[in-house]
Amino acid sequence: MPTQGSPAPFRRRIVKLWFLLDAIVALAPPLYWAADGRTNPIAGVPAALFYFLAVSLCITASLIAAYFLDDAMVGSGA
């Protein structure tokens, strides 16, 4: 069991908040981009596609961070 001074609970809270942010961003995309009709490319990619690529990278990064945090907790015997 982690002690009071252990950073593990703090890291878990950060990952949980990261998951919450991922859910909000993924489930509530800026729909006005689709209805706008204007295409403003970002780095040569349409804005809506860039948005979904960025969201998928953020979700993937949060899953990897959670995996490594869980792996560290299992490795420490907690």
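Helices here are DSSP runs of H or I with at least four residues, numbered from the N terminus. The exercises below apply to a predicted model.

**Exercise 1. The fold in outline**

Task: State how many helices and strands the chain has, and in which order the elements follow one another.

Solution: Counting the elements gives three helices and zero strands, and reading along the sequence yields the pattern α-α-α. Two of these elements return in the later exercises, namely helix α1, which spans residues 8–27, and helix α3, which spans residues 47–75. Turning to contacts, those between residues 24 or more positions apart account for 68% of the contacts in the chain with a separation of 6 or more. As for the surface, the chain has about 6,000 Å² of accessible area, of which carbon and sulfur atoms contribute 71%, while buried residues make up 14% of the 78 residues.

**Exercise 2. Pairs distant in sequence**

Task: For K16, L17 and D70, place each residue in its helix, and give the C-alpha separation from A66, S62 and R12, respectively.

Solution: Begin with K16, which is located in helix α1; although 50 residues separate K16 from A66 along the sequence, their C-alpha atoms are 8.8 Å apart. Next comes L17, also placed in helix α1, whose C-alpha atom is 10.0 Å from that of S62, a residue 45 positions away along the chain. Finally, D70 belongs to helix α3, and the C-alpha atoms of D70 and R12 are separated by 9.1 Å across 58 residues of sequence. Accessibility completes the description: K16 counts as exposed because its relative accessibility is 59%, over the 50% cut-off, whereas D70, at 47%, counts as partly exposed.

**Exercise 3. A buried acidic residue**

Task: Determine which side chain of opposite charge is nearest to D22, and which residues D22 touches beyond its sequence neighbours.

Solution: First locate D22, which sits in helix α1. Then consider its charge partners: D22 is buried yet has no salt bridge, and the nearest side chain of opposite charge, that of K16, is 14 Å away. A salt bridge would require a side-chain nitrogen of Lys or Arg within 4 Å of a carboxyl oxygen. Last, list the contacts; leaving aside residues up to four places away in sequence, D22 touches C58, I59 and S62.

**Exercise 4. A nonpolar surface patch**

Task: Identify the residues that form the nonpolar patch on the surface, and give the accessible area that they have together.

Solution: The patch is formed by L17, L20 and I24, which together have about 310 Å² of accessible area. Membership requires over 30% relative accessible area, and two of the residues can be checked in turn. L17 has a relative accessible area of 57% and is exposed, while L20, which is found in helix α1, has 49% and is partly exposed.

**Exercise 5. An aromatic pair**

Task: Classify the geometry of the aromatic pair formed by Y51 and F52, and state whether Y51 is buried or exposed.

Solution: A search of the whole structure finds two aromatic pairs. One of them joins Y51 and F52, with 5.3 Å from centre to centre and 80° between the planes; the pair is therefore edge-to-face, since planes over 60 degrees apart are classed in this way. With regard to accessibility, Y51 is buried because its relative accessible area of 15% is under the 20% cut-off, whereas F52, at 44%, counts as partly exposed.

Note on methods. Residues numbered from 1 in each chain as written. Predicted model: local features only at pLDDT ≥ 70, side-chain atom pairs only at ≥ 80, totals over all residues. Heavy atoms only, no water. Phe/Tyr/Trp six-rings, centres within 6.5 Å; stacked < 30°, edge-to-face > 60°. Buried < 20%, exposed > 50% of the residue type's maximum accessible area, 1.4 Å probe, protein only. Helix = DSSP H or I, 4+ residues; strand = E, 2+ residues; numbered from the N terminus. Lys, Arg positive; Asp, Glu negative; His and termini not counted. Contact = heavy atoms within 4.5 Å. Patch = residues over 30% accessible without salt bridge, like charges linked within 9 Å, V, L, I, M, F, W, Y side chains within 5 Å. Areas by Shrake-Rupley, 256 points an atom, 1.4 Å probe, with all protein chains shown as cover.
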